[in-house]
There are 2 protein chains.
Amino acid sequence: MSVLIVYAHPEPSSFTGALKDTAVRVLTQAGHDVEVSDLYGEQFNPVAGRHDFTTVANPQRFHYQAEQAHASASHGFSAELAREQRRVEHSSAVILVFPLWWGGVPAILKGWFERVLAYGFAYEDGMRYETGFFRGRGGLMGAVTGGTRERFSEGGAYGTIAQVLWPTQHCMIEYLGLDTPEPFVAYAAPRVSPRQREEYLRQWADRVLHCAGTAARQLPEPLRAKAGTSATTWSS
Amino acid sequence: MSVLIVYAHPEPSSFTGALKDTAVRVLTQAGHDVEVSDLYGEQFNPVAGRHDFTTVANPQRFHYQAEQAHASASHGFSAELAREQRRVEHSSAVILVFPLWWGGVPAILKGWFERVLAYGFAYEDGMRYETGFFRGRGGLMGAVTGGTRERFSEGGAYGTIAQVLWPTQHCMIEYLGLDTPEPFVAYAAPRVSPRQREEYLRQWADRVLHCAGTAARQLPEPLRAKAGTSATTWSS
C-alpha cells in the first residue's frame, strides 16, 4: 500500500507545489511508498462523458451513474480512469493538495472526483460515510488560500473555513468513508512572511506523517468489487 | 440586455435539461432576450492554463490571477473566454442550471467560473460582495439533486442544503455582487412522481421570471474596465 497525493496546481513553484513536494519528501523519508496524481502535469481531463467508458449501458440516453455502474461491473473504464482507480485502490491514505478557488477545489480536481470515484467503484446506494468503501483508509486535505484567516472566520467575508470546506470535507472525503481529521489550511500563503510559510510547511509535514502513520496501522479492506450492480436512480 | 443561462449537463433529456428548456421558454415568452452557455454542448474546456490568454505577463512563472489581471487590461483573453465574457457582460441576470455532483457544481461549471470570471474582469481586490462589479444584476441557481430533501435537512446525511450550497451561493454568486434569492433545488428529481416533477418545473418558471423581472427593472452598471490593474498577491 502507498499514500496517494492528488495534486492540483498549474505552477510547480507555487506554495501548493511546495506542500506537495514536502509531503512526498517526508513520506518517502519515513519509509512510505508515495504515488502522485499530478492532475495538471498529467493533463487530466475533468469533463465527464462517454469517453470515460469502453462500455455502453444505454446508447440512447446518457445516464452518468448508470454508465459508471455498468463499467464498474464489466471493467469498462477508459485507460486514464483505470490508472487513477488503481492508484486509489492501492493507497492506504489519500491526500488532496490544492489551492482554494472560488470557495472550493479547482475544476480539474472536482472532475477527478466525478470521473475516478465512480458509482460501483467508490460508492453505492447505502455504502457511504460509516458504511463507505474506504473505511480504514486515511484522508487529508491541504488547502492554500489567498484570503487571510480572518476572512474565513466567524463574521469574516467568506464565512468560517468549516462552512466553506463543508462540501469538500463532508460530501467528498467523508462520503467515501475515509478516516479524516480537520483540513489543513495555509491561509494567505502568498502574503505571509517566509518564516510563516516555513512554519506552514513544518505543520503540514506533521499532519501528513500523522495521517499516513494512522492509516498504516490499520489494514484497509479491499474495495468491494461487486458484479452486476446498477444505479437505481434515473438521470438527474 | 439579455438573461444568460449557464447550463451544465451532458444529457439533453435529463431533468436538468428540462429546467434549462423551461427557463428558455418562459423567458422568451415574457419578451426577454435569452442567451445559453451550454457548457457540454459547446465543449467548454474547464481547465485553467496559459491557453486562457493571448498575452503573457510572466513567461517564467505562471501566476493565474496575475495573468488574468494582465489579460483584462490588454484584451488578452482567448476567443472562447472573450465570447463567454461578452455573454456575461450583456446580461442583466445570470442563471446557473446544474446537477449537484459531490456536493457542488460539476467540474465543467466550476471551470467556467475560474476561467471566465477572471480577476480584473469580474472582480478585483476590494471589489466583491456589496462592492462587486455585478451589483444591480440578478443571479439564480437551479440545482437538481439525486438525494431527497431529508438528506439535505438538519440531521440529514449531507447537512442542510444551505451548508452544502454555501460555497456556490456565497463564495461564487454573491461574491460577484449579484442580487440573488435562495437557490432553487429540485430534490430527488429522478425519483419523484411525474406530477412532482411538473410541479418543480412550475415553481422554477416562477423563480426564473421573478429573477429576470427584478433584474430588468434595475439598470445594471457596465462592468468596470480598468486599465493597468494587476493582482497584488503572489501565486497560492
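This text walks through a predicted model of two chains, from the sheet in each chain to the contact between them.

Residues are numbered from 1 along each chain as its sequence is written, and chains are lettered from A and ligands numbered from 1 in the order in which they are written. Because the model is predicted, local features need pLDDT of at least 70 and side-chain atom pairs count only at pLDDT 80 or more, while totals for chains, interfaces and linings use all residues.

Start with the sheet of chain A. It is open, has 5 strands and follows the order β2-β1-β3-β4-β5 with parallel pairing. Helices (H or I, at least four residues) and strands (E, at least two) are DSSP runs, numbered from the N terminus. Two strands pair if DSSP finds at least two bridges between them. At the edges stand β2 and β5 of chain A, each paired on one side only. Neighbouring strands are turned by 15 degrees against each other on average, direction ignored. For such angles, axes are lines fitted to C-alpha atoms, for helices over the stretch in contact, and angles run from 0 to 180 degrees between N-to-C directions.

Now follow the pairs. β1(A) and β3(A) run parallel and are joined by 6 bridges. One match here sets A:V3 against its bridge partner A:A93 in β3(A). On β3(A) and β4(A), 7 bridges make a parallel pair. A:V94 has A:G139 of β4(A) as its bridge partner, and A:F98 has A:A143. A:A143 also stands opposite A:V185 in β5(A). β4(A) and β5(A) pair in the parallel sense over 3 bridges. α6(A) packs on this sheet and touches β1, β3, β4 and β5 of chain A. Its direction makes about 165 degrees with that of β4(A). Contact means that the C-beta atoms of two residues, placed from the backbone, lie within 7 Å.

How many residues of β3(A) are buried? The count is 9 of 9, so β3(A) is largely enclosed by the rest of the structure. A residue is buried if 20 or more other C-beta atoms lie within 10 Å of its own, exposed if 12 or fewer, and partly exposed in between, with C-beta atoms placed from the backbone. β4(A) is mostly covered too, with 7 of its 7 residues buried. In a regular strand the side chains alternate between the two faces of the sheet. Both faces of β4(A) are covered. A:G138, A:L140, A:G142 and A:V144 are buried on one side, and A:G139, A:M141 and A:A143 on the other.

Next comes helix α1 of chain A, residues 15-29. At 1.5 Å a residue, its 15 residues should span 21 Å, and the end C-alpha atoms are 21 Å apart, which agrees. The expected span is 1.5 Å times one less than the number of residues. Its buried residues are A:F15, A:T16, A:G17, A:A18, A:L19, A:K20, A:A23 and A:L27. What covers them includes β1 (2-7), β2 (33-38), β3 (91-99), β4 (138-144), β5 (184-186) and α6 (194-217) of chain A. Just after the helix, A:G31 takes a positive phi of about 95 degrees.

Turn to chain B. Its open sheet of 5 strands has the order β2-β1-β3-β4-β5, with parallel pairing. β2 (33-38) and β5 (184-186) of chain B each have a single partner strand, so one side of each is left without a neighbour in the sheet. The twist averages 15 degrees from one strand to the next. β4(B) and β5(B) run parallel, joined by 3 bridges. B:A143 has B:V185 as its partner in β5(B).

How do the copies relate? A rotation of 180 degrees with 0.0 Å of shift along its axis superposes chain B on chain A, with an RMSD of 0.0 Å. The two copies are thus related as by a two-fold rotation axis. In chain B, the C-alpha nearest the axis belongs to B:A107, 2.3 Å from it. Superposition is by least squares on the C-alpha atoms of residues with pLDDT of at least 70 in both copies.

Last, the interface. 47 residues of chain B are in contact with 47 residues of chain A. α1 (15-29), α4 (107-116) and α5 (161-173) of chain B each supply at least two residues of the side that touches chain A. The largest share, 7 residues, comes from α5(B). That side divides into 26 nonpolar, 16 polar and 5 charged residues. Here Ala, Val, Leu, Ile, Met, Phe, Trp, Tyr, Cys and Pro count as nonpolar, Asp, Glu, Lys and Arg as charged, and the others, Gly among them, as polar. 100% of the interface residues of chain B are also interface residues in chain A, so the copies meet through the same surface.
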